[in-house]
Amino acid sequence: MTRLGAVGELESARVARILRDDIVQGRRLPGDKLIERDIAAELDVSRLPVREAIRALVAEGIVVVKPRSWAVVREFTLRDLRDLSEIREAVETLIFVFATERHDEAGIERLRVTLEREETAAREDDVDAARTAATQFHQVATELAGNEMVDELIRAFVTRLRWLFGQHDDLLRMAAEHRSIFDAMAARDADAVRLLVRRHLREGQEAAEHRLRNSPASIASPAPLP
């Protein structure tokens with residue numbers, strides 16, 4: 001059985017979390033090998049939790065295992081990005097509209113605190129903290145939407161979304177877009193939220209496409225999503 005970590009977290013879950021964050025934040029690049037013995041030594045664990053973590057990330061769609069070779073960080077294609085973008089726009093627009101209509105005072109306060117954390121990190125040019133808070137902004141909105149079916153849909157591809165759309169470079173602009181969405185949500189203006197979210201997501205898609213086109217290591221031959 002996989003041992004528990006210091007705070008009760010399964011070692012395999014901890015390793016998966018660390019590797020996932022490394023990939024999403026760009027510390028491990030598309031095509032990078034995930035060699036069990038090296039990761040085990042780096043994180044001071046046995047190879048079993050590393051193997052289990054890699055399997056989890058394969059299921060999440062950000063790692064692939066090549067026949068008779070190493071597991072590697074997935075190389076996404078423009079086709080992958082556009083397919084995900086279509087789903088993302090439909091699902092996340094619903095999420096933010098539902099959250100606008102259904103939030104309570106405690107919920108909108110949680111969203112405000114998350115947004116202010118993102119704005120502070122963006123002003124300080126703390127890239128990792130700003131990107132993390134930006135992701136949390138969407139996660140809190142998902143919780144405020146209060147729809148279990150939508151929540152299940154977003155969980156099915158949330159890690160791929162974080163990787164493809166979470167590596168934005170213009171931190172201040174991202175925070176400003178979130179501020180506009182938040183203000184409309186606080187005012188319960190669902191029509192404005194619908195327009196702002198669609199614009200926000202499309203601009204994110206354009207930025208992600210630009211990054212893929214200009215990062216040869218990120219582009220692979222088209223392949224179906226798992």
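1. A residue counts as buried when its relative accessible area is under 20%, and by that cut-off Thr114, at 5% relative accessibility, is buried in this predicted model. Thr114 belongs to helix H5, which spans residues 105–123, and, leaving aside residues up to four places away in sequence, Thr114 touches Ala133, Gln136, Phe137 and Val140.

2. Helix H5 also holds Glu119, whose salt bridge with Arg179 has its closest N and O atoms 2.9 Å apart. This pair links distant parts of the chain, since Arg179 sits in helix H8 (residues 171–186), 60 residues apart from Glu119. Glu119 counts as buried at 14% relative accessibility, whereas Arg179 is partly exposed at 24%.

3. The salt bridge between the side chains of Arg27 and Asp128 has an N to O distance of 2.9 Å. Arg27 lies in the loop between helix H1 (11–24) and strand E1 (33–34) and Asp128 in helix H6 (residues 127–145), so the pair ties together parts that are 101 residues apart in sequence. Arg27 is partly exposed, with a relative accessible area of 45%, and Asp128 is likewise partly exposed, at 34%. Both residues belong to a network of salt bridges that links them with Asp22, Arg28 and Glu42.

4. Asp80 and Arg74 also form a salt bridge, with the closest N and O atoms 3.5 Å apart; Asp80 is buried at 2% relative accessibility, and Arg74 is buried at 6%. Over the whole structure, the search finds 22 salt bridges.

5. Trp163, in helix H7 (residues 148–165), is buried at 4% relative accessibility. The C-alpha atoms of Trp163 and Ile62 are separated by 7.9 Å, although these residues are 101 residues apart along the chain.

How values were computed. Residues are numbered from 1 along each chain as its sequence is written. This is a predicted model: local features need pLDDT of at least 70, side-chain atom pairs count only at pLDDT 80 or more; totals for chains, interfaces and linings use all residues. Side-chain values use heavy atoms; hydrogens and water are left out. Helices (H or I, at least four residues) and strands (E, at least two) are DSSP runs, numbered from the N terminus. Buried means under 20% relative accessible area, exposed over 50%, partly exposed in between (1.4 Å probe, protein chains only). Contact means heavy atoms within 4.5 Å. A salt bridge is a side-chain nitrogen of Lys or Arg within 4 Å of a carboxyl oxygen of Asp or Glu.
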